[in-house]
Amino acid sequence: MKIKISDNVLLIVGKDRGKSGKVIRVDQKRKKIAVEKLNLITKHIKKTKTSKGDKVRYETFFDVSNAMILCPHCSKPARVEYKTEGKTKSRICKLCKESVDQKFDSSAIKSKKTKKQS
Ligand SMILES: [Zn+2]
């Protein structure tokens with residue numbers, strides 16, 4: 001699956017077609033993604049003795065094939081291919097040949113690649 005958390009994607013099918021947003025959840029096994037503020041459903045929480053009941057809106061998963069990565073360089077929905085350079089595997093936009101990986105993420109989310117202060 002080529003889409004990762006915090007990618008910007010464009011929806012190409014469904015009621016939110018044409019809209020774009022940031023990927024907030026990824027289900028690798030089922031090949032599904034959830035995008036911020038898209039494909040929202042409202043869930044009603046029943047009134048109980050302890051809570052007064054509420055409505056929550058949250059993003060539901062949809063099939064990854066319904067979305068395309070928006071390339072941060074050419075701002076177009078792009079097909080991506082993998083490029084391996086040494087030990088790093090990066091995703092490349094087929095249109096502009098630039099990496100679609102957002103560099104600030106790898107350091108923020110995964111702390112394995114920490115900057116060496118020399
Ligand atoms: Zn591009």
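Two residues are in contact if their C-beta atoms, placed from the backbone, lie within 7 Å. The exercises below use this cut-off on a predicted model.

**Exercise 1.** List the residues that Ile69 touches, not counting those up to four places away in sequence, and place Ile69 in the largest nonpolar core.

Solution.
1. With that exclusion, Ile69 touches Lys2, Ile3, Asp7, Val9, Ala78, Val80 and Val100.
2. The largest nonpolar core has 15 residues, and Ile69 is among the six that touch the most other members, along with Ile3, Val9, Ala67, Ala78 and Val100.
3. Strand S1 (8-11), S3 and strand S7 (67-70) each give two or more residues to this core.
4. S7 supplies the largest share, three residues.

**Exercise 2.** Give the strand order of the open sheet and identify its edge strands.

Solution.
1. Six strands are arranged as S6-S3-S2-S1-S7-S8, and their pairing is antiparallel.
2. Strand S6 (62-63) and strand S8 (77-78) each pair on one side only, which makes them the edges.
3. At the S6 end, strand S3 (residues 32-35) pairs with S6 over two bridges in the antiparallel sense.
4. Lys32 lies opposite Asp63 of S6.

**Exercise 3.** Is Gly21 buried or exposed?

Solution.
1. Gly21 belongs to strand S2 (residues 20-27).
2. Gly21 counts as buried because it has 20 C-beta neighbours inside 10 Å.
3. Beyond four places in sequence, the contacts of Gly21 are Val9, Val35, Glu36, Lys37 and Leu38.
4. Asn8 is 13 residues from Gly21 in sequence, with a C-alpha to C-alpha separation of 5.4 Å.

Notes: Residues are numbered from 1 along each chain as its sequence is written. This is a predicted model: local features need pLDDT of at least 70, side-chain atom pairs count only at pLDDT 80 or more; totals for chains, interfaces and linings use all residues. Two strands pair if DSSP finds at least two bridges between them. Helices (H or I, at least four residues) and strands (E, at least two) are DSSP runs, numbered from the N terminus. A residue is buried if 20 or more other C-beta atoms lie within 10 Å of its own, exposed if 12 or fewer, and partly exposed in between; C-beta atoms are placed from the backbone. A nonpolar core is a set of buried Ala, Val, Leu, Ile, Met, Phe, Trp, Tyr and Cys residues joined through C-beta atoms within 7 Å.
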